[in-house]
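Tutor: Let us take the terms one by one and ask how each of them is earned.

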Amino acid sequence: MTKQVFNFKDYIRPRFFPHIWCPGCGHGIVLGSLLRAVHELGLDKNEIVITSGIGCSSRISGYVDFHSLHTIHGRALSFATGVKLSKPHLKAIVPMGDGDALAIGGNHFIHAARRNIDITAIVMNNRIYGMTGGQFSPLSGLDKKATTAPYSTIDRNFDVVELAKSAGATFVARSTVFHANECKNLLKKGISHKGFSVVEILTQCPTYYGRKNKEGDAIQMMEGYKTNTVKIGSKKLEKNPDLIQRGIFIENTDIPEYCEAYDKIIETAMKGKA
Amino acid sequence: MAKGKTVKHLIDKEWCKGCGICIHFCPKNVLEFDKHGKAKAARPEDCIACKLCELRCPDLAIQIIEEQEVEHEKQE
């Protein structure tokens, strides 16, 4: 399969296109990177199950031609946990928005990370709730404007990478939609990793976040990702420590995966000894 | 253009929403808006098939197809 030339039409449900995302929305670039990652890994379409919650980003599950579950807000990881435990041979991928992952689904997120279950969580971070009209999210950050914060926010934001690391995720990476190729490579690594992988992808919401915070259109926001991010440990950080780092922050293969540990419990139980 | 290759730009005008990301990030200035505000390949002969437009198109509306010109006899 990998030898074939990539054609995204092999991996999507074309009847749902053009998609509902706004012009310039970065979510489509994440979708493209995900399809390329799946293609390059040579995965069969029937091996993958995409589980998503609610939000702009969660629309992905309808667009891809894999097994897909469009579930309830914030609980996509719980549904994916159920799927993965009953069918461990499937590759579980969960695309989530920042609010879906860390506000409504915050608890599910940290517990999936703690269990180290073999799921790839893609946090598509546009720093706002797009679908419902531009409310601020736990990733908006201080002094940002939103529909629900017309005089700017007073809430500090989560750092997805630090949160996932401390909750126990065994693969944590970050990229942006400007770096679409890097994004694809990180997704490939995340999907191949045995354990809970978190890939945070910064993506622009020109309609709400960009407009409210005067960050310009999609193009200017993408230029921003180019100038405001650096690879991990870059020398530019010495001059400007506020730059956002991209790359793989943690990759740990020593911790047992949840489904495998569970299989051992089943084995012990079948022997009839407590 | 890459030697001995022609590059075809398949742009789905129904799917393109005219965000201009492909036009802005094209290193060779190949693309521009057509009169309907959608992307079009205005100078396809300058294309180096880097596929940055295809990678970054949020609407999955661009496909770059590289075609090797038939020159087998010369190469041998």
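**Helix faces and burial**

Student: Which residues are buried in α9(A), and what makes a residue "buried"?

Tutor: They are A:A218, A:M221 and A:M222; each is called buried because 20 or more other C-beta atoms, placed from the backbone, lie within 10 Å of its own (12 or fewer would make a residue exposed, and anything in between partly exposed).

Student: How do you know on which side of α9(A) they sit?

Tutor: They span an arc of only 100° around the axis, so they share the same side of α9(A). That arc is taken from the directions that lead from the helix axis to the C-beta atoms. The face turned away from this buried side holds A:K226 and A:T227, which are exposed.

Tutor: Keep in mind that this is a predicted model, where local features need pLDDT of at least 70, side-chain atom pairs count only at pLDDT 80 or more, and totals for chains, interfaces and linings use all residues. Residues are numbered from 1 along each chain as its sequence is written, while chains are lettered from A and ligands numbered from 1 in the order in which they are written.

Student: What do the buried residues of α9(A) pack against?

Tutor: Their partners are α8 (206-212) of chain A and α1 (21-25) of chain B. A contact here means two C-beta atoms, placed from the backbone, within 7 Å.

Student: What makes α7(A) a helix, and how does its span compare with the expected one?

Tutor: A helix is a DSSP run of H or I with at least four residues, and a strand a run of E with at least two, numbered from the N terminus. α7(A) has 13 residues, so that length is met. The expected span is 1.5 Å times one less than the number of residues; α7(A) reaches 18 Å from first to last C-alpha, close to the 18 Å expected. Among its buried residues are A:C183, A:L187 and A:I191. Seen down the axis, the buried residues fall within an arc of 170°, so they line one face of α7(A).

**Sheet and packing**

Student: How do you know that β9(A) and β10 of chain A pair?

Tutor: Pairing takes at least two bridges found by DSSP, and these strands have three, in the parallel sense. One partnership joins A:V230 to A:Q245 in β10(A).

Student: What makes the sheet of chain A "open" at its edges?

Tutor: Its eight strands run in the order β2-β1-β3-β4-β8-β7-β10-β9, with mixed pairing. β2 (67-70) and β9 (229-231) each have a single partner strand, so one side of each lacks a neighbour in the sheet.

Student: Which angle and distance describe the packing of α3(A) and α5 of chain A?

Tutor: The angle is about 35° and the axes are 8 Å apart. Axes are lines fitted to C-alpha atoms, for helices over the stretch in contact, and angles between N-to-C directions run from 0 to 180 degrees. A:L77, A:S78 and A:T81 meet A:H108, A:F109 and A:A112 there. By class, this gives three nonpolar, three polar and no charged residues.

**Where the chains meet**

Student: How many residues does each chain bring to the contact?

Tutor: Chain A brings 16 and chain B 13. α1 (27-41), α7 and α9 (218-228) of chain A each supply at least two residues of chain A's side. That side has eleven nonpolar, five polar and no charged residues. Nonpolar covers Ala, Val, Leu, Ile, Met, Phe, Trp, Tyr, Cys and Pro; charged covers Asp, Glu, Lys and Arg; the others, Gly among them, are polar.
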